[in-house]
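Here is a short note for your next look at this chain. Please read it with the model open.

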Amino acid sequence: MNTHSTAPAPNAPARGWPDLADVDLLRTLVETERRRRRLDAAMRAAVAEAERRGLAADTGYGDTVELLTDLLRISTHEARRRIEYAAPQVRSRSRKVWRVLAPAS
């Protein structure tokens, strides 16, 4: 593997991919994933907060799906996926039914 750096990884221009040293490509992969995760976390938090506030109704939309599809120009399916990912439904647990037993005689 070529370990001689030819460019700072985070600022590697797309047109220069073939000229990028292996070490810089590896750094770019890691840095890009780190940034993607940070952006994903920010999007989840923003969507969850919009849902919590009822922002869709306050801004004239029928629901958060409609708000996201219009505002972000994404599909209905993608909007639903983001909402579910941001604020997963609390799964109802089956309730235990406690029976009162008669005392043994």
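The points below run from the whole chain to one helix pair.

1. Status. This is a predicted model. Every value here is computed from it, so please read the note in that light.

2. Fold content. The chain has 4 helices and 0 strands. Read from the N terminus, the order of elements is α-α-α-α.

3. Burial and surface. The chain is 105 residues long, and 22% of them count as buried. About 9,000 Å² is exposed. Carbon and sulfur atoms supply 55% of that area.

4. Contacts along the sequence. Take the contacts in the chain with a separation of 6 or more. Of these, 19% join residues 24 or more positions apart.

5. The H3/H4 pair. How do we describe two packed helices? The angle between their axes and the distance between the axes do the job. Helix H3 covers residues 64-72, and helix H4 covers residues 76-86. Their axes come within 9 Å and cross at roughly 120°. An angle over 115 but not over 145 degrees falls in the oblique class, so H3 and H4 are oblique to each other. The crossing of H3 past H4 is right-handed.

6. Who touches whom. H3 brings Thr 64, Val 65, Leu 68, Thr 69 and Leu 72 to the contact. H4 answers with Thr 76, Ala 79, Arg 80, Arg 82 and Ile 83.

7. Character of that contact. Which classes do the residues of the contact of H3 with H4 divide into? There are 5 nonpolar, 3 polar and 2 charged residues. Arg counts as charged, and H4 supplies Arg 80 and Arg 82.

Conventions
Residues are numbered from 1 along each chain as its sequence is written. This is a predicted model: local features need pLDDT of at least 70, side-chain atom pairs count only at pLDDT 80 or more; totals for chains, interfaces and linings use all residues. Side-chain values use heavy atoms; hydrogens and water are left out. Helices (H or I, at least four residues) and strands (E, at least two) are DSSP runs, numbered from the N terminus. Buried means under 20% relative accessible area, exposed over 50%, partly exposed in between (1.4 Å probe, protein chains only). Contact means heavy atoms within 4.5 Å. Accessible areas come from the Shrake-Rupley method with a 1.4 Å probe; for residues, only the protein chains shown count as cover. Axes are lines fitted to C-alpha atoms, for helices over the stretch in contact, and angles run from 0 to 180 degrees between N-to-C directions. Angles under 35 degrees count as roughly parallel, over 145 as roughly antiparallel, 65 to 115 as roughly perpendicular and the rest as oblique. A crossing is left-handed if the near helix is turned anticlockwise from the far one by less than a right angle, and right-handed if clockwise.
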